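Me: I would like to go through a protein model and ask, for each label attached to a residue, what justifies that label. Please set each value against its cut-off before concluding.

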Amino acid sequence: MANKIKMTKLEKSWVLYDVGNSAFTMLACSLVPIWFKSLAIGTGPGQITSDQATAYWALAMSIVTLAVAVLGPVLGAFTDTKGRKKIFFTTALALGLIGCFISGFIYSWLVFIIVLVLTKIAYSTSQVFYDSMLNDVTTEERMDEISSYGFAWGYIGSCIPFIVALVAYVLGPDMMGKISDSASRIIGFGVTALWWFVVTIPLLRNYRQIHYVDRQPGAVGAVFREIGATIVRMVKHEKKIFYFLIAFFLYIDGVGTIIDNCINIGTDLGLSTVGQVVTLLLTQVVAFAFSLIFGILSRKYTTVTLIKACIIGYFCVCLYALTLRSLVGFAILAFGVGMFQGSIQSLSRSYFSKIIPPENSGEYFGLYDIFCKGASFLGSFVLAAVKLAGGTINIAVASLAVFFALGFFFLTLADKQKSVVK
């Protein structure tokens, strides 16, 4: 096993951005939907019902996914031009920060959700640029470990501003009634935006684009032609990348479905809501610890071996769902998810960085992000189909094991292909 090497200043700067953007992710997945409904639901002029609010929320998230699917590869390809990646990243970051901050001061539910859509699009595109920076900030030998550190510290670091936001929510009208709903939102969004900005400063100061392609700025037609050519080339010649993306889509779909439906699983089982939330917060700690562990294991084992271990772990978690009956069982399932959640994502990111041409990392990660952001829709369809057919949530979750079995197969197939990167 190789001796541990301290992270460089640039590697630390890159890891810190995961700590910053994870704070927004956690807020957007937990308190933001609640705040949206508090603005939207009511009987006054312009307000809507709970069912309508849920429908509009789902529609808004679908718009975000579609927009990023279209923008990701195009903007990613533009950032591959010399000197462009940092400019695009900074622009997306600024738009995301502004959107996050002003959200706390919005009182119209319609304006709130429009700003949220724009903010999430900016956040997601900044993530595309950020992921593609991995080739520039570290060496191939250290990619697994550095990528793992990003997810690990992101999990634990995001808890700091979230706790402040959660306290503000608890003090709000829904619970203790000590502060107004608007004050609660202003504090929640404000502290998240501030945290996101401050921890990103080192990356803005230290990042320099090393890998790039020679392309005339503003050649939009050339970019679209290049993306089309890249897709055709992947299918015909870059089999390692092509099969990996299929594998990634399948197993990350299973991962995303379980994460997105954790609360629904507990609710279907009639478990305590407070108990579920506490369990999920503790799961962040588990995810932090195991992301670091898998980062250390990457010094001894290959990336594919570790990804396969995560896939097998998730496969077992799905089958374990058949036994779910109590909050203790739910906690065991959640901790099982936490053990592999960050690792499977970080290792997939670093493995993809190794097998793609580094000078085209922005374009390729734009395509990668389509599979990542679009994940969970097939799995959610399976859950819905099983439930509508009269099956239990236990059987529905167990059915997701198929995604991990197929993902394992295509990952094995990808590993046998010749790499295009010399």
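The exchange below concerns a predicted model and takes up its core, several single residues and its salt bridges.

Me: Which residues have the most contacts inside the largest nonpolar core, and which helix gives the most to this core?

Reply: The largest nonpolar core has 105 residues, and those with the most contacts inside it are Trp14, Phe244, Tyr251 and Phe352. Helix H1, covering residues 9-40, gives the most to this core, with 14 residues. Leaving out residues up to four places away in sequence, Phe352 touches Ile241, Phe244, Leu245, Tyr364, Phe365 and Tyr368.

Me: Why is isoleucine 307 called buried?

Reply: Isoleucine 307 has a relative accessible area of 0%, and buried means under 20%, so the label applies. This residue lies in helix H14, residues 303-320, and, apart from neighbours within four places in sequence, is in contact with Tyr251, Leu347, Ser348, Tyr351 and Leu411. The C-alpha atoms of isoleucine 307 and serine 348 are separated by 7.1 Å, although the two residues are 41 residues apart along the chain.

Me: Why is isoleucine 102 called partly exposed?

Reply: The relative accessible area of isoleucine 102 is 36%, and since buried means under 20% and exposed over 50%, with partly exposed in between, the residue is partly exposed. Isoleucine 102 is placed in helix H3, residues 85-103, and together with Ile98, Phe101 and Phe105 makes a nonpolar surface patch of about 380 Å².

Me: Is glycine 104, in the loop between H3 and helix H4 (109-132), buried or exposed?

Reply: Glycine 104 counts as buried, because its relative accessibility is 0% and the limit is under 20%. Not counting residues up to four places away in sequence, glycine 104 touches Ser182, Arg185, Ile186 and Phe189.

Me: What makes the approaches of the glutamine 209 side chain to backbone nitrogens polar contacts?

Reply: The side chain of glutamine 209 reaches the backbone nitrogen of arginine 84 at 3.3 Å and that of lysine 85 at 3.1 Å, and the cut-off for a pair of N or O atoms is within 3.5 Å. Glutamine 209 lies in the loop between helix H9 (201-206) and helix H10 (220-236), and is buried, with a relative accessible area of 16%.

Me: How do you know that arginine 142 and glutamate 11 form a salt bridge?

Reply: Their closest N and O atoms are 2.6 Å apart, and the criterion asks for a side-chain nitrogen of Lys or Arg within 4 Å of a carboxyl oxygen of Asp or Glu. Arginine 142 lies in the loop between helix H5 (134-137) and helix H6 (143-157) and glutamate 11 in helix H1, so the pair ties together parts that are 131 residues apart in sequence.

Me: What joins Asp18, Asp131 and Arg349 into one network?

Reply: Arginine 349 forms a salt bridge with aspartate 18, with the closest N and O atoms 3.3 Å apart. Arginine 349 lies in helix H15 (residues 327-355) and aspartate 18 in helix H1, so this pair ties together parts that are 331 residues apart in sequence. The side chains of arginine 349 and aspartate 131 also meet in a salt bridge, at 3.0 Å from N to O. Salt bridges that share partners thus join Asp18, Asp131 and Arg349 into one network.

Technical notes
Residues numbered from 1 in each chain as written. Predicted model: local features only at pLDDT ≥ 70, side-chain atom pairs only at ≥ 80, totals over all residues. Heavy atoms only, no water. Core = buried A, V, L, I, M, F, W, Y, C linked by side-chain atoms within 4.5 Å. Buried < 20%, exposed > 50% of the residue type's maximum accessible area, 1.4 Å probe, protein only. Helix = DSSP H or I, 4+ residues; strand = E, 2+ residues; numbered from the N terminus. Contact = heavy atoms within 4.5 Å. Polar contact = N/O pair within 3.5 Å; in protein donor to acceptor, adjacent residues only side chain to side chain. Patch = residues over 30% accessible without salt bridge, like charges linked within 9 Å, V, L, I, M, F, W, Y side chains within 5 Å. Areas by Shrake-Rupley, 256 points an atom, 1.4 Å probe, with all protein chains shown as cover.
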